[in-house]
Amino acid sequence: MKKPFAIVLGLLLLASLSFSFKDDLFQISKNLDIFASVYKELNLNYVDEINTSKLTRNGIDAMLENLDPYTEFVPESEIEDYRMKYVSTQYGGIGAGVIHRNGKVFISEPFEGYPAQKADIRAGDEVISIDNIAIKGKSNDEISQLLKGPKETPIKMVLQRNGKLIEKNLFRADINQPNVSYYGMLAGNIAYIKLDKFLENSGQEVKDALLELQKNNPKGLVLDLRYNGGGILQEAVKIVNLFVGRDIEVVTQKGKNRDKTISYKTYVNPVAPSMPLVVLVNGRSASASEIVAGAFQDLDRGVVVGQRSFGKGLVQQTFSLPYNSLVKITVAKYYTPSGRCIQSLDYEHRHDDGTVDKLPDSLLIAYKTKGGRSVYNGSGIYPDFYVKPAEYHQVTQALVSQYLIFDYATVFVAKHPNIASATDFTLGDADYQDFLAYLKQKNFSYKSEAEKTLESLKADAQSEKSWDAIKPGYEQMQQKLSANRQNELAFHKNEIKRVLESEIAQRYYFQKGRTLQSFQYDAELKKAKDLIADANLMAEILKGAGSYGTIGKPKIMSAQGE
């Protein structure tokens with residue numbers, strides 16, 4: 001009796017699945033038919049002319065907007081930009097970044113060794129025309145198209161520098177912006193690799209840098225993943241494999257479709273299986289960066305230093321569409337070796353207003369590392385050792401956002417043919433006074449949050465007819481805030497100097513110079529070096545004596561107010 005019953009039950013389940021599948025197909029067909037009909041009637045009957053391509057694009061974007069920010073449609077016209085952002089580090093051009101300000105375009109940074117730098121095009125130069133085409137009023141995409149082109153094709157640029165027009169004739173080249181922007185040896189015989197992205201060949205670049213650094217017999221390695229937004233998952237696996245043995249699970253992705261559930265393991269012998277390792281992360285380390293940091297943490301292979309990472313635990317895959325377009329779709333979530341998913345925002349359960357919630361700290365679930373330490377899901381990778389991030393006052397932020405730091409660097413370079421090495425370069429008190437004099441010429445001003453609040457109070461008082469009563473106190477407070485603002489340039493001198501030094505160092509020594517100069521003030525790097533120099537402390541942290549502690553949730557949640 002049991003066997004016939006099982007057969008009947010199986011047939012009923014199959015019928016149910018078949019009905020569900022048919023119902024899904026019917027709903028898809030129904031909704032596509034409705035969409036096509038609306039599109040047709042609008043095109044035929046709407047009172048004004050309709051841009052049908054734009055209408056369709058808006059419809060697609062609106063549909064995807066209800067999912068997550070990583071699922072996106074890419075038309076043929078944007079494929080090249082997509083490849084540069086998510087896949088390849090190579091393109092044809094002059095090798096320079098640009099910024100747009102008030103309808104004008106300026107060179108922000110020439111890349112060392114490429115046509116722009118070789119032609120003595122400098123940061124701060126204003127671009128007037130490209131191949132006899134005036135760039136005023138051109139969009140970012142239009143300017144990008146004018147600058148890019150096949151290798152060896154000529155390009156003529158007219159620039160303005162210090163009030164004079166300069167003509168530059170150069171040839172485009174294949175521009176390769178490496179994933180590893182810098183590597184070298186630090187004081188104390190410690191190796192350092194700065195990885196900016198996980199695009200094509202990033203695994204090989206890290207391997208090449210590591211092999212070169214190993215010639216110095218370093219005491220350990222600092223792998224800097226700060227501000228690294230991620231990239232290709234498989235490249236992250238390759239990088240982990242450089243430090244852990246063969247056939248070790250690095251990450252697992254799990255999707256709705258069974259074929260999207262994949263476990264990624266190491267597959268070759270490691271290059272540095274026992275080298276002491278510290279990984280630097282911050283709030284803008286995301287995706288593949290979190291896979292690497294999470295794997296090292298879960299496998300007790302390295303110590304993570306810095307701040308809580310971004311919390312992107314979603315995996316995307318691209319699918320080709322008609323007319324050379326494509327769609328990038330989130331197909332799975334990824335899980336670190338301990339089994340945790342570090343996705344921060346819950347896009348599946350949006351509120352009616354479109355907002356999404358972050359997983360609250362009270363709902364974090366503990367997982368165990370290979371050695372038994374507790375680690376947690378949700379909201380990114382918690383560092384094993386928390387370092388308070390550098391914070392910049394509003395006055396410094398205003399100087400940057402108004403391009404006064406950038407513009408003063410241009411003035412400084414014109415006055416100083418050379419400076420000290422990037423490692424040693426600092427600004428003296430006389431230099432800072434020169435900067436303050438420059439600001440006076442520019443009539444620099446900004447409003448603090450307190451001043452904005454005070455203005456809001458005035459508006460409320462006026463609307464409530466109580467302005468006359470509070471006016472004397474208001475004006476007194478306004479005078480005090482104004483006087484305080486004048487003192488802020490002096491009070492925050494050290495942090496403003498750091499930002500100035502960074503911008504100036506890049507003008508002489510390019511991106512490498514900015515990195516080297518920043519080492520003077522890098523608290524996270526200093527902590528990493530201290531840890532590598534103290535083998536006993538490294539061992540203690542990997543046994544549970546870091547920010548995570550030994551009693552459950554991360555200490556940083558209460559101690560640092562995260």
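This tour visits a sheet, two helices that lie across it, and two residues with a notable backbone angle. The model is predicted.

**The sheet.** Begin by selecting strands 10, 11, 12, 15, 16 and 23, which form an open sheet of six strands in the order 10-11-12-15-16-23. The pairing in this sheet is mixed. Next, colour strand 10 (180–186) and strand 23 (385–386), the edge strands, each of which pairs on one side only.

**The edge at strand 23.** Select strand 16 (residues 303–306) together with strand 23; the two run parallel and are joined by two bridges. Within this pair, display V305, whose bridge partner in strand 23 is F385.

**The helices across the sheet.** Add helix 8 (residues 288–298), which lies across strand 12 (221–224), strand 15 (277–281) and strand 16. Helix 8 runs at about 140 degrees to strand 15. Then select helix 15 (residues 523–533), which lies across strands 10, 11, 12, 15, 16 and 23. The angle between helix 15 and strand 15 is about 165 degrees.

**Two residues with positive phi.** Most residues other than glycine have a negative phi. Now select N132, in the loop between strand 5 (126–130) and strand 6 (133–134). Although N132 is not a glycine, its phi is positive, about 65 degrees. N132 is exposed, with a relative accessible area of 62%.

Finally, move to helix 14 (residues 493–518), where F510 is found. F510 is also a residue other than glycine, and its phi is positive, near 65 degrees. Is F510 buried or exposed? F510 counts as buried, because its relative accessibility is 14%, and the cut-off for buried is under 20%.

How values were computed
Residues numbered from 1 in each chain as written. Predicted model: local features only at pLDDT ≥ 70, side-chain atom pairs only at ≥ 80, totals over all residues. Heavy atoms only, no water. Pairing = 2+ DSSP bridges. Helix = DSSP H or I, 4+ residues; strand = E, 2+ residues; numbered from the N terminus. Contact = heavy atoms within 4.5 Å. Axes fitted to C-alpha atoms, helices over the stretch in contact; angles between N-to-C directions. Buried < 20%, exposed > 50% of the residue type's maximum accessible area, 1.4 Å probe, protein only.
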